[in-house]
Amino acid sequence: MTLQRGIGIQITPIAAPQVGLFEARKVRRAVARGAACKVDLSDRWNLWDVVHLPLGAVRERSGIPPLAAMGARQGLSISQV
């Protein structure tokens, strides 16, 4: 989908290719947040152990920094996060 919607290479005959929809800054931020996660979600992690908690608490417990914190590290304003 990135090739189709990001740099304009047509992958599927159904949708026309588009340019400029891939936002590298957001992808880098998502990768950094994922790398900060202290929990391996593929190794016996159970959603039901945390489903009753607020999302912020689950993120804190897992070591995932808030979006605003990641944006500040990358020099972004809160409106860009």
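What share of the 81 residues in the protein is buried? The figure is 14%. The model is a predicted one.

Start with the fold. The protein has four helices and zero strands. Read from the N terminus, its elements run α-α-α-α. Contacts across the chain come next. Take the contacts with a separation of 6 or more: 39% of them join residues 24 or more positions apart.

Now turn to the surface. The accessible area of the protein is about 6200 Å². Carbon and sulfur atoms hold 59% of that area. One part of the surface deserves a look of its own. Leu41, Trp45, Leu47, Trp48 and Val51 form a nonpolar patch there. Together these five side chains' residues have about 540 Å² of accessible area.

Where does Leu47 of this patch lie? Leu47 sits in the loop between α2 and α3. Helix α2 spans 24-36, and α3 spans 55-62. Trp45 is also placed in the loop between α2 and α3.

How is the exposure of these two residues classed? Leu47 counts as partly exposed because its relative accessibility is 40%, a value between the 20% limit for buried and the 50% limit for exposed. Trp45 has a relative accessible area of 34%, so Trp45 is partly exposed too.

Trp45 also has partners beyond its close neighbours in sequence. With those within four places left aside, Trp45 is in contact with Val39, Asp40 and Val50. Thus Trp45 belongs to the nonpolar patch and touches Asp40 as well as two valines, Val39 and Val50.

Note on methods: Residues numbered from 1 in each chain as written. Predicted model: local features only at pLDDT ≥ 70, side-chain atom pairs only at ≥ 80, totals over all residues. Heavy atoms only, no water. Patch = residues over 30% accessible without salt bridge, like charges linked within 9 Å, V, L, I, M, F, W, Y side chains within 5 Å. Areas by Shrake-Rupley, 256 points an atom, 1.4 Å probe, with all protein chains shown as cover. Salt bridge = Lys/Arg side-chain N within 4 Å of Asp/Glu carboxyl O. Helix = DSSP H or I, 4+ residues; strand = E, 2+ residues; numbered from the N terminus. Buried < 20%, exposed > 50% of the residue type's maximum accessible area, 1.4 Å probe, protein only. Contact = heavy atoms within 4.5 Å.
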